[in-house]
Amino acid sequence: MSCLLRLHITGVGDAFTERYHNASFCIEEPQSGLRLQVDCPPAFPRVLADYRRHRAQQDQVGANLGIDTIDHLLITHLHGDHCGGTEAYLYMRRFLLGRKPTLLGAPQVLDALWPTRLSGGMERLLLSAPSWDAAGLSQRTAARASAQGDVSSDSGEGEAQDALQDQAALQDQAALQDPGGPLVSLGLLDYCERTDLHRGVTQLGPLRIERRFTRHHIPTTAIRVSLAGRKRPLFGYSADTAFDPDLIDWLAEADWVIHETNYGTHTPLSSLLLLPAGLKARMRLIHYPDALEPEESPITCLREGDVVELF
Ligand SMILES: [Zn+2]
């Protein structure tokens, strides 16, 4: 029998990791096939390709996880290790697939996503660029060679020629800094649909998603995910947070808890170890530092490439 939810663990590392991809995973509801990626680290296509390679060597489950098979992306917050791959994801959906995905997040996260993370690179698209064929290129080469020949044969006129060429190059560079077009101006909703996670439950296909803000530098949401007809959420995910017993109580109402751990204003492993044994047994760690050896961790670590089947 198929499980209720499947989690594809695409990254387990922190912001500074040299060992892993940054923390992220994809939720799959096997009956409908719906996939919801939670956070989108830099080099996201590579993250997914590494996951597929790993799964192809295992049991093939998740071996087709790709930008074309993930139609929904939830962003917990705007630190680069959690959202740095969004530009590539949206570009690939637009230019390679022509299918808009849905972006989910708290309004406080999504409102800032475009102006602070994406617009600088994504709001202007040139519709065309000059094209060159072989004949055009050899004509250009011949013209340049002839101009240089003229310069070296007559040094007096050469200086004037140099000045003219410098002037033309400057004008070219000025034009390239602000190309007049043809171009199109785009906004976030040209690339994706948007679903804001407000208080209460947000329904996405069969998924019921709740969010709660965490203790972090910028607006960040933990989530709980459930299915219609179930009393308890199937799992909760802390996202990035300082140790917060109230948040952990909220997450612990789910059957299963994915919690971050790290240094600084994150959650020390030593604090998680103070929790009741029953809760630690149904907790899995993510966003852990490179220095933590997963095999030696007193709370089980998620591993990159894992598939977790929930019930
Ligand atoms: Zn963060």
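**Figure 1. Helix α3 has an exposed face and a buried one.** F95 and L96 are exposed, on the face of α3 turned away from its buried side. The model shown here, and in every view below, is predicted. The buried residues of α3 are T86, Y89, L90 and R93. Seen down the helix axis, these buried residues fall within an arc of 95 degrees, so they line one face of α3. What do the buried residues of α3 pack against? Their partners are α1 (44-57), β4 (72-74), α2, α4 and α7. The length of α3 can be checked too. The helix has 12 residues, and at 1.5 Å a residue it should span 16 Å. Its end C-alpha atoms are 15 Å apart, which agrees. After α3 comes G98, with a positive phi near 65 degrees.

**Figure 2. Helix α1 keeps its buried residues on one side.** Look for F44, V47, L48 and Y51, the buried residues of α1. They cover an arc of only 90 degrees around the axis, which puts them on the same side of the helix. R53, A56 and Q57 are exposed on the other side of α1. What covers the buried residues of α1? The cover includes β1 (5-11), β2 (24-29) and α3. For its 14 residues, α1 should span 20 Å at 1.5 Å a residue. The end C-alpha atoms of α1 are 20 Å apart, which agrees.

**Figure 3. Helix α4 has a kink.** Helix α4 covers residues 107-122. Where does the kink lie? It is at L113, shortly before the proline P115, and the angle is about 50 degrees. L113 is also one of the buried residues of α4, alongside V109, L110 and L118. Several elements pack against these buried residues. The helices among them are α2 (80-83), α3 (86-97) and α7 (188-191). The strands are β5 (102-105), β8 (193-196) and β11 (221-227).

**Figure 4. I75 sits in the largest nonpolar core.** This core has 57 residues. Which residues have the most contacts inside it? They are L73, I75 and F235. Now follow the contacts of I75, leaving out residues up to four places away in sequence. I75 touches V109 and L113, both of which are buried residues of α4. I75 also touches T86, a buried residue of α3. Its other contacts are D39, C40, H82, C83, L103 and G105.

**Figure 5. D39 and H287 have positive phi values without being glycines.** Most residues other than glycine have a negative phi. D39 has a positive phi of about 75 degrees. Where is D39 found? It is in the loop between β3 (34-38) and α1. Is D39 buried or exposed? D39 has 29 C-beta neighbours inside 10 Å, so it counts as buried. Turn next to H287. Its phi is positive as well, near 60 degrees. H287 is found in the loop between β14 (283-286) and β15 (307-310). With 29 other C-beta atoms within 10 Å, H287 is buried.

**Figure 6. F311 lies in the segment after β15.** Is F311 buried or exposed? It has 10 other C-beta atoms within 10 Å, so F311 is exposed. Not counting residues up to four places away in sequence, F311 touches C3, L4 and L234. F311 and D255 are 56 residues apart in sequence, but their C-alpha atoms are 9.7 Å apart in space.

**Figure 7. S271 lies in helix α9.** This helix covers residues 269-272. S271 has 15 C-beta neighbours inside 10 Å, so it counts as partly exposed. S271 and T261 are 10 residues apart in sequence. From C-alpha to C-alpha, S271 and T261 are 9.4 Å apart.

**Figure 8. The views above belong to a chain of 311 residues.** The protein chain has 10 helices and 15 strands. Its C-alpha atoms fill a box of roughly 90 × 40 × 40 Å along the principal axes. The radius of gyration is 26 Å, but a compact globule of 311 residues would have one near 19 Å. Of the 311 residues, 34% count as buried. Among contacts with a separation of 6 or more, 59% join residues 24 or more positions apart.

Key:
Residues are numbered from 1 along each chain as its sequence is written. This is a predicted model: local features need pLDDT of at least 70, side-chain atom pairs count only at pLDDT 80 or more; totals for chains, interfaces and linings use all residues. The bend at a residue is the angle between axes fitted to the seven residues ending there and the seven starting there. Helices (H or I, at least four residues) and strands (E, at least two) are DSSP runs, numbered from the N terminus. A residue is buried if 20 or more other C-beta atoms lie within 10 Å of its own, exposed if 12 or fewer, and partly exposed in between; C-beta atoms are placed from the backbone. Two residues are in contact if their C-beta atoms, placed from the backbone, lie within 7 Å. A nonpolar core is a set of buried Ala, Val, Leu, Ile, Met, Phe, Trp, Tyr and Cys residues joined through C-beta atoms within 7 Å. The radius of gyration is taken over C-alpha atoms; the globule rule is 2.2 Å times the number of residues to the power 0.38. The expected span of a helix is 1.5 Å times one less than its number of residues. The arc is that of the directions from the helix axis to the C-beta atoms.
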